[in-house]
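Let's take a tour of a protein and its ligand, and then go looking for empty space inside. Have the 3D view ready.

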Amino acid sequence: MCPPDFFGVYYVINPWMAGNEGRARAEQAAAQWRALRDQLDSRATAEILPPAENLPDLVFTANAGLVVGRKVILSRFRFAQRRDEEQLDRAWFVGHRYEVIELPPGIFFEGAGDALLDRATERLWMGYGFRTTLEAAEFISHELNIKVIPLRLVDERFYHLDTCFAPLSGGYFIYFPNAFDERALRAIEELIPQERRFAVSERDALDFACNCVDTGRVLILNNCSVDLERQLNAWGFEVARTPLGEFMLAGGAAKCLCLRLDEPAPKEKAHAADGFARRVVALEGHLLDTGLLARTMDRITENGGAFETLELRAGLRREDKSFARIAVSAPSQAALEPILAELIDLGGRLEETGGNPAALAPVEQEGVAPEEFYSTTIYPTDVLVGSEWIRAANQRMDGVIVVENSAEAASARVVLMRDLERGQKVVVGVEGIRIAAKTEPLSQDGEFKFMSSEISSERRVETAVETIAWEMNQIRERGGKIVLVAGPVAVHTGGIPYLCELARQGYLQAVLAGNALAVHDIERALYGTSLGVDLQRGITVQGGHRNHLKAINTIRRCGSIAEAVRSGVLKSGFMRELILHGIPFSLAGSIRDDGPLPETQMDLIKAQAEYARLARGADMILMLSSMLHSIGVGNMTPSGVKIVCVDINPAVATKLADRGSVESRAVVTDVGLFLNLLVRKIGERKSEVAAG
Ligand code: NAD
């Protein structure tokens, strides 16, 4: 222990300290510390670390290091304010003939504040996330030859493990669940039998009940509720309360004020230090201006990993790319793989580790992938088979990669899980996977937004549409393929005449939509209304709410849309143009469909296959005001296809366009206005828009 002669709150390095600078009272602190020591004196022998001026937190000796047997892993403090404590701690341990182990550079570790030995098994529980870095867990595991369970802390108020978790004698535990991330909680629940752990309330956690000194049968702590005391009594513990309010102003209580020196050394060779996994990921592109680097780092930590930036070259001009190499580590290979998969999704490239080929596992049940399957992104993907990198065919998102080895050559292709056949070999894990194309995150220039508050914004939409029209003209001239995906809003907002014009002029090579687009287009053609609203006058027509059902009924009587056109029942509208111009379309069903129309494919697996067939080979996909169908098509489209997303909701438009590639554009505007403008721009030479 270290007497609080120089204790006080003089800086803020945790939320407890905020607003409490200068508020700790020296006399009260001294009395509280004395009372704690009195409690301990009858149960333990105290060694004293001399206090030092300007080191107010030296009183919290738990943070000096982790003592196991005669070895001590010396702490390295996260915050500069506490770093001068390290030399005093070191001197004390050396003076007392401990073997002092120093951490490698770049690793933070705050001693027994974040490293707690299990009292029943040879296991070390370690907190990380705020003060201690995950790498410390790996280092200590090797150094002490002990099994370490890293637990990520997520509530800043409980910044050290000993503020929210206490392994007690006899293998009992108290802990505050909300202080941990999901994975950590799962580890706690799996490793500690239910009858030996107790989740304390937030009140108890904030009273520092978990920050207790376990002297065997007696637990010395600041305070705890009657409920918690009852539980502790039932386990055979007695509670000794000793108020430590002055120290709590700095974020510490009983356990923080003591460092236990009699922890037994683990038995030789009792445990293998294993589990930790690490991999280097490289990123290139507009990492800084688009926030991609920050997102990458967030993904790593949110998923319980840790990182070290090995190299960072910042692009200095707007058009320059940046480059980063980041070492990612996680408590286990199983924890690392989902993190790597997310980073690959963000455009990260895994650095090769001695060229390990992709791991393959056989399909044992039709339509079911082996556990740990690698799931694909929209980017071209190479697989290392033997010593050869092979590009997977049929690239799309959310598929798995099947590798086939014939006598002459190996091949790889992306397959949907449901299409897997027994015996096929599927890539598992992320080893031997390389995303070949360098991805370009969405640049500011690729994103066009309509913001009503800005005078210039209408002009920006116009510029965006001009570019899109120009690209569509280019594609049409070279005989390329433009695919339209559209929702019924395109009808309600008056877009049909313009869609018809696009169909007539050869700008559409396939149309993917739901039941509603066709129903409302046909309702408009037959009755002049859309969902019962007169499209010319904008008023509700009496009894008009039945019109869309009458429209469906009429087509059902004809047998198909094509037959309704042929027999002259359907005399205008977009669906008619598609049929007259032989433009293939697919209507995919949904749970909310009325009717449906005879062409609507209610078998969703078949509908997905039809969509995929029609979308294949597209040069551009126009996604107009349908979240459902746009996402569906986005998932089956590899990178490299120009995608234009038009939606009134900026979140939807940006999300759809955010494929990490420059080919995508988000236009935030009304779809009717967009179509009007588009057709005007396309037909500068031929500006008259014929009525649908
Ligand atoms: P959705 O919610 O997936 O997408 C609608 C999108 O349009 C939203 O993102 C919204 O922000 C956007 N939007 C709204 N007003 C806009 C405007 N003025 N300009 C631009 N964007 C605008 O819904 P969905 O695709 O319309 O429908 C989902 C499914 O339900 C489809 O399969 C559809 O066929 C079906 N549906 C069927 C019927 C029917 O059978 N009667 C009726 C409606 C929808």
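## Who touches the ligand

A polar contact here means a pair of N or O atoms within 3.5 Å. Keep in mind that this is a predicted model. With that cut-off in hand, start at Met627: one of its backbone N or O atoms sits 2.9 Å from an oxygen atom of the ligand. Asp647 joins in with its side chain, where an N or O atom is 2.6 Å from a ligand oxygen. Over at Val671, a backbone N or O atom lies 2.9 Å from a nitrogen atom of the ligand.

How much of the ligand does the protein bury? On its own the ligand exposes 860 Å², and the protein buries 83% of that.

## The shell around it

In total, 22 residues surround the ligand, and Ser626, Leu628, His629, Asp647 and Asp670 are the closest. Helix H14 (515–527) and helix H19 (627–636) are the elements that each give two or more residues to this shell. H19 has the largest share, with three residues. By character, the shell splits into eight nonpolar, nine polar and five charged residues.

## Hidden empty spaces

Now for the gaps: the whole structure has four cavities of 30 Å³ or more. The largest has a volume of about 70 Å³. It is lined by 14 residues, with Phe60, Asn63, Arg82, Tyr159 and Ala250 closest to its centre. That lining is made up of six nonpolar, five polar and three charged residues.

The second largest cavity comes in at about 50 Å³. Among its 12 lining residues, Arg279, Glu352, Trp389, Gly432 and Ile433 are closest to the centre. Its lining divides into four nonpolar, four polar and four charged residues.

How values were computed: Residues are numbered from 1 along each chain as its sequence is written. This is a predicted model: local features need pLDDT of at least 70, side-chain atom pairs count only at pLDDT 80 or more; totals for chains, interfaces and linings use all residues. Side-chain values use heavy atoms; hydrogens and water are left out. A residue is near a molecule or strand if one of its heavy atoms lies within 4 Å of it. A polar contact is a pair of N or O atoms within 3.5 Å; within protein, one must be able to donate a hydrogen and the other to accept it, and residues adjacent in sequence count only if both atoms are side-chain atoms. Accessible areas come from the Shrake-Rupley method with a 1.4 Å probe; for residues, only the protein chains shown count as cover. Helices (H or I, at least four residues) and strands (E, at least two) are DSSP runs, numbered from the N terminus. Ala, Val, Leu, Ile, Met, Phe, Trp, Tyr, Cys and Pro count as nonpolar, Asp, Glu, Lys and Arg as charged, and the others, Gly among them, as polar. On a 1 Å grid over the protein atoms alone, a cavity is a set of points where a 1.4 Å probe fits but cannot get out, and a pocket is an open set with protein on both sides within 12 Å along at least five of seven lines; lining residues have an atom within 4 Å of a point. Grid points are joined across faces, edges and corners, and a volume is the space filled by probe spheres set on the points.
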